[in-house]
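Work through the exercises below with the coordinates open. Each task is followed by a solution in steps.

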Amino acid sequence: MKKIFYTAFILAVFVAESSAYNFACGAKNDGLWSTTKWRGTEGTATAIGQVPGPADYVNIGAKITLDKDVEIKSLHITSPGALIIDGRNFVVNSKMTMNATDSALILKKSKMQVDRKLETVMTPTSTTIKQNKISLEDSYFSLSSIVAPVPSSKLKTNTNSGTTVELKGKSELVMKNSFEVDDIFRGKNGSTLFFKIVMSESGGNIPVIKLGYADWEGIKVEVNVPETVKTGKHPLIIVADKSADFKGIRLFLNGVETAIDSKSDKFSFAVESVAKQGKTLMLIVKK
């Protein structure tokens with residue numbers, strides 16, 4: 001009996017693994033997730049009308065809108081692809097990658113979970129990149145890390161290109177670890193390539209970022225709030241590491257670069273230790 005059960009278990013695992021597909025859609029297949037013309041490495045993938053599922057690997061090169069809750073194994077967004085998630089839940093059970101040029105992930109009133117990291121990618125022979133974007137509007141996004149490496153020694157660093165992470169309104173970005181960004185995106189050695197975060201108030205809400213630790217050297221953080229924003233202390237970035245600091249961060253308030261300890265009649269920033277939360281970068285709004 002035990003032998004029969006063990007054999008059945010092995011067979012079930014084999015069937016599950018063998019049924020995984022590599023799904024892809026090209027630049028001419030803009031549309032909805034459930035109706036796009038997916039192609040796959042298995043010849044029957046599109047013939048039987050399948051869509052990606054929890055065991056599948058997905059490569060998006062078109063503008064695809066999620067029209068249902070989805071769970072997949074891994075995701076790559078290539079140029080000029082974009083994934084738009086509006087009012088849906090999306091789970092990636094492994095890692096996610098995005099082309100460092102002309103790719104986008106856009107969440108609106110949605111929840112997304114990536115079990116591992118999100119990494120921007122380029123080839124080892126890349127000479128130029130353009131821009132890619134991760135955008136949250138009234139949304140929740142959790143993952144391990146956002147990683148932006150540079151494997152190419154030929155990359156030109158005098159262009160206004162890089163990665164923008166946008167958070168708007170009631171949005172929350174949660175990372176177990178941190179941003180892991182190459183020095184080239186931190187303005188080192190005269191580079192104008194960037195990795196920046198834009199946090200904007202909407203509907204009376206200001207977004208927040210929570211992460212395990214952080215190296216802020218050369219990272220741009222742009223905060224946009226109206227004069228009518230609610231008075232008081234607004235947590236912007238919460239770092240669990242109690243020894244963390246925000247040394248080297250480039251802070252901008254409504255388009256004007258400012259220091260953490262600078263004061264004004266209306267707005268100021270401060271770093272505070274919060275019980276059980278580590279260090280927090282606060283926006284302080286006066287009456």
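The exercises cover strand order, salt bridges, aromatic pairs and a charge over a ring.

The model is predicted, so local features need pLDDT of at least 70, side-chain atom pairs count only at pLDDT 80 or more, and totals for chains, interfaces and linings use all residues. Residues are numbered from 1 along each chain as its sequence is written, and side-chain values use heavy atoms, with hydrogens and water left out.

**Exercise 1. The sheet**

Task: Give the strand order of the open sheet of nine strands and state which strands are its edges.

Solution:
- Strands are DSSP runs of E with at least two residues, numbered from the N terminus. Two strands pair if DSSP finds at least two bridges between them.
- The order is S6-S9-S12-S15-S18-S21-S23-S27-S26, and the pairing is mixed.
- Strand S6 (70-72) and strand S26 (267-274) are the edges, as each pairs on one side only.
- From one strand to the next the twist averages 15 degrees, with axes taken as lines fitted to C-alpha atoms and angles running from 0 to 180 degrees between N-to-C directions.
- Inside the sheet, strand S12 (residues 111-114) and strand S15 (residues 140-143) run parallel and are joined by three bridges. Met112 stands opposite Phe141 in S15.

**Exercise 2. Salt bridges**

Task: Find the salt-bridge partners of Glu119, Asp183 and Glu222, and add the accessibility of residues involved.

Solution:
- The criterion is a side-chain nitrogen of Lys or Arg within 4 Å of a carboxyl oxygen of Asp or Glu. A search of the whole structure finds seven such salt bridges.
- Accessibility classes are buried (under 20% relative accessible area), exposed (over 50%) and partly exposed in between, with a 1.4 Å probe and protein chains only.
- Glu119 pairs with Lys117, the closest N and O atoms being 3.2 Å apart. Glu119 is buried at 15%, whereas Lys117 is partly exposed at 31%.
- Asp183 meets Lys188 at 3.8 Å, N to O. Asp183 is partly exposed at 43%, and Lys188 is partly exposed at 31%.
- Glu222 pairs with Lys196, with 3.8 Å between the closest N and O atoms. Glu222 lies in strand S22 (residues 220-224) and Lys196 in strand S20 (residues 194-200), so this salt bridge ties together parts that are 26 residues apart in sequence. Lys196 is partly exposed at 21%.

**Exercise 3. Aromatic pairs**

Task: Classify the ring pairs Trp33 with Phe90 and Trp216 with Phe246.

Solution:
- Rings of Phe, Tyr and Trp (its six-membered ring) pair if their centres lie within 6.5 Å; planes under 30 degrees apart are stacked, over 60 edge-to-face, and the rest tilted. The structure holds seven aromatic pairs.
- Trp33 and Phe90 are 5.9 Å apart, centre to centre, with 70 degrees between the planes: edge-to-face. Trp33 is in the loop between strand S2 (31-32) and strand S3 (39-40), and Phe90 is in strand S9 (residues 89-92), 57 residues apart. Trp33 is buried at 0%, and Phe90 is buried at 1%.
- Trp216 and Phe246 are stacked, at 5.7 Å centre to centre and 20 degrees between the planes. Both are buried.
- Ring pairs link Trp33 and Phe90 with Tyr21, Phe23 and Trp38 into a cluster.

**Exercise 4. A charge over a ring**

Task: Which residue lies over the face of Phe194, and at what distance from the ring centre?

Solution:
- The test requires NZ of Lys or CZ of Arg within 6 Å of the ring centre and within 35 degrees of the ring normal.
- Lys196 lies over the face of Phe194, at 5.1 Å from the ring centre. Lys196 also forms the salt bridge with Glu222.

How values were computed: Helix = DSSP H or I, 4+ residues; strand = E, 2+ residues; numbered from the N terminus.
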